[in-house]
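Notebook open, coffee poured. Today I'm looking up the pocket and what sits in it.

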Amino acid sequence: MKKRVGMLTGGGDCPGLNQAIRGAVFKLESLGYECLGIEEGWKGMITGKASPLTRDNVEDLASRGGTAIGTSRTNPFKKDGGPEAVLQTFKKLKLEALIPMGGEDTLGVAARLFKEHASHVVGVPKTMDNDLSATDFTFGFDTAVTVAMDACARLLDTGRSHRRCMVLEVMGRHAGWVALYTGIAAGADYVGLPERKVDVKELARAVQAAHDRKKVALVVVSEAVEIEGGPKKREELDEFGHMILQEREVGEQIAEIVEEETGIETRHATIGHIQRGGHPTLFDRILATRAGIRAAELVHEKRWGQMVALRGNDMVPVSLEEATAKLKTVTPEWFSILDTLCRTPRREAVRAA
Ligand code: F6P
């Protein structure tokens, strides 16, 4: 009988998951294993819902977005009997190993299962937020930023025509990578990151100066940004204890502030889940495929409790515990790059002094 490997995708979906599944299935089959797709993340490991994944049924996933096996934000450690049910499913489905693909939450569950129950798990990191510290990049990020960058170009066209300031709110949770890369790549005049509070006066000065020069201004803000002195919004938490950010309407608040402070007509857009759909970029397809293949190799080598990470251009194993220990957030070197590019007047004055 062939050894059997399950795989699941948990947390918010992102472009690249299907390519990682495809890579893992191709490699595992070539090594003599059979594969099962566990449905809807950790939920499937509680209910035992799974179906076969074969070379034939994953072949056409090379360019498709989303995840063919479904996802959820289920946390077995937050459910009565959850971990026991997961261990039971391992036995019932006769799994030699499980490859969970996810961000810090999904992989955090895997890390605990390995630590507390010696479960045979090998992780694949994914998240459009790019906030996993053990890997240089996660797949999903490049596509999300590419989509947001395109949205900025479109906003600038209409904004320029109407002599307006345009505000784009992007996702990214508590790490500002998506806003940072989008803002830099699109030539934004102000970028709001969760790692530093938005100073209203500084925002207004940046927008005003850009508008004086170009008759248009572009602001990119992360969904989790805090506004100095701004209102506190209702906080709803998911099963992993993370704030659900979609209700905050930060982009709208920023647009109102800009209009009030500068008198410049301002419009806002929230790109939201559009960033998570569609065909993955070349970078994400290659990274995801390599991650899936490398994870399959680690299963074959019995490297339990490990996760595949991109370091430079190499795919290396790192411990799941290390990978999920702390979030990777935007560092001060990036603030200085942003300040150079965004030409915020007060900061320029400070530098000149
Ligand atoms: O973690 C990925 C992410 O897209 C975040 O950037 C965002 O805050 C969240 O997921 C949205 O989650 P949901 O799809 O559950 O609304």
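I split the lining of the largest pocket by residue type and got six nonpolar, nine polar and eleven charged. My classes: Ala, Val, Leu, Ile, Met, Phe, Trp, Tyr, Cys and Pro are nonpolar, Asp, Glu, Lys and Arg are charged, and the others, Gly among them, are polar. A pocket here is an open set of points on a 1 Å grid over the protein atoms alone, with protein on both sides within 12 Å along at least five of seven lines, and lining residues have an atom within 4 Å of a point.

Note to self: this is a predicted model, where local features need pLDDT of at least 70, side-chain atom pairs count only at pLDDT 80 or more, and totals for chains, interfaces and linings use all residues. Residues are numbered from 1 along each chain as its sequence is written, and side-chain values use heavy atoms, with hydrogens and water left out.

Next I looked up the volume of the largest pocket, which is about 420 Å³ (the space filled by probe spheres set on the grid points, joined across faces, edges and corners). Of its 26 lining residues, Gly12, Arg73, Asp129, Arg173 and Arg276 are the closest to the centre.

Then the ligand: it sits in this largest pocket, meaning more than half of its atoms lie within 2 Å of the grid points. I checked polar contacts (N or O pairs within 3.5 Å). A polar side-chain atom of aspartate 129 is 2.7 Å from a ligand oxygen, and a polar backbone atom of glycine 172 is 3.0 Å from a ligand oxygen.

Technical notes:
Polar contact = N/O pair within 3.5 Å; in protein donor to acceptor, adjacent residues only side chain to side chain. 1 Å grid on protein atoms, 1.4 Å probe; cavity = no way out; pocket = protein on both sides within 12 Å on 5 of 7 lines; lining within 4 Å.
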